[in-house]
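Grab a pencil and work through these exercises on one protein. Try each task before you read its solution.

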Amino acid sequence: AVTVGVLALQGGFIEHLNLLRKAASTVFSQTKSDTSFEAIEVRTAEELARCDALIIPGGESTTISFVAQQSGLLEPLRDFVKVQKKPVWGTCAGLILLSNQANATKKGGQELIGGLNVRVHRNHFGRQIESFEAPLQLPFLAGEADPSPFPGVFIRAPVVEEILSKGGQDPEVEVMAKLPGRIDRMKSGVSQAVTKDDSGDIIAVRQGSILGTSFHPELTDDARIHAWWLKQVLNV
Ligand code: GLN
């Protein structure tokens, strides 16, 4: 049996659970595996201990870490990610929490789970109204049946502004995707040209069992990244 948890303290956890279940039905029908699969909401250390892998959703990273701290979940999360090294995927706020350093914290520091040896820049693209959607060619999905661009939803999204070490670390941080040049942002429903050159901003990284994405696949109905990630979790 495989149990995948979604951290359910705040943010888009329901959306992740829905896509995870959708992805699981695709992956299990493809692989004809008879393993039983369960996706659960995680709010306690006991629930976390049942999980083979975990998703940390988008939302507000300061809130998620505050609630995790208050509920005694921060240390168990650090243990899950960095000691047990179970597979973890963070989206947006989740990426921030999984990074070793974060910038642009308004009121000083915030507790992070860490694990990805990178520094993220929070709210890199600006405020909520500067949210945008961009079609992404994700190299890691290239082998999948549907090669069409992935709808990247960026809401007060972070980017990885620096990889803190290359070499000497095992495993190393891999850049999984960057923003292409000249994307058209959708601002308030209107497509506008990018004013600042975002090309080359790092929007997905992996280090060993930890994956982080700046954008929110959970806010689309596209389960391809969930399916791709799940196949690695299940080792199929
Ligand atoms: N900017 C948010 C933070 O710092 C993340 C935004 C999001 O997850 N949509 O946590």
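**Exercise 1.** How much area does the protein expose, and what share of it do carbon and sulfur atoms supply?

*Solution.* First, a word on what you're looking at: this is a predicted model, where local features need pLDDT of at least 70 and side-chain atom pairs count only at pLDDT 80 or more, while totals for chains, interfaces and linings use all residues. Residues are numbered from 1 along each chain as its sequence is written, and side-chain values use heavy atoms, with hydrogens and water left out. Now the area: the protein exposes about 10700 Å² (Shrake-Rupley method, 1.4 Å probe). Carbon and sulfur atoms supply 49% of that.

**Exercise 2.** Find I56 and work out whether it is buried or exposed.

*Solution.*
- Step 1: locate I56 in strand β3, residues 53-56 (strands are DSSP runs of E, at least two residues; helices are runs of H or I, at least four; both are numbered from the N terminus).
- Step 2: check the accessibility. I56 has 0% relative accessibility, so it counts as buried (under 20% relative accessible area; exposed is over 50%, partly exposed in between, with a 1.4 Å probe and protein chains only).
- Step 3: look at the neighbours. Leaving out residues up to four places away in sequence, I56 touches, among others, L7, W89, L98 and I113 (contact means heavy atoms within 4.5 Å).

**Exercise 3.** Which residues of helix α4 are buried, and why do they line one face?

*Solution.*
- Step 1: list them. In α4, residues 74-83, the buried ones are L74, L77, R78, F80 and V81.
- Step 2: look down the axis. These residues fall within an arc of 160 degrees, so they line one face of the helix (the arc is that of the directions from the helix axis to the C-beta atoms).
- Step 3: recall the general rule. An α-helix has 3.6 residues a turn, so residues three or four places apart point the same way.
- Step 4: turn to the face away from the buried side, which carries the exposed E75 and V83.

**Exercise 4.** Which polar side-chain atoms of N123 and H216 meet the ligand, and at what distance?

*Solution.*
- Step 1: for N123, a polar side-chain atom lies 2.5 Å from a ligand nitrogen.
- Step 2: for H216, a polar side-chain atom lies 2.9 Å from a ligand nitrogen.
- Step 3: add the cover. The protein covers 98% of the 300 Å² of accessible area that the ligand has on its own.

How values were computed. Polar contact = N/O pair within 3.5 Å; in protein donor to acceptor, adjacent residues only side chain to side chain.
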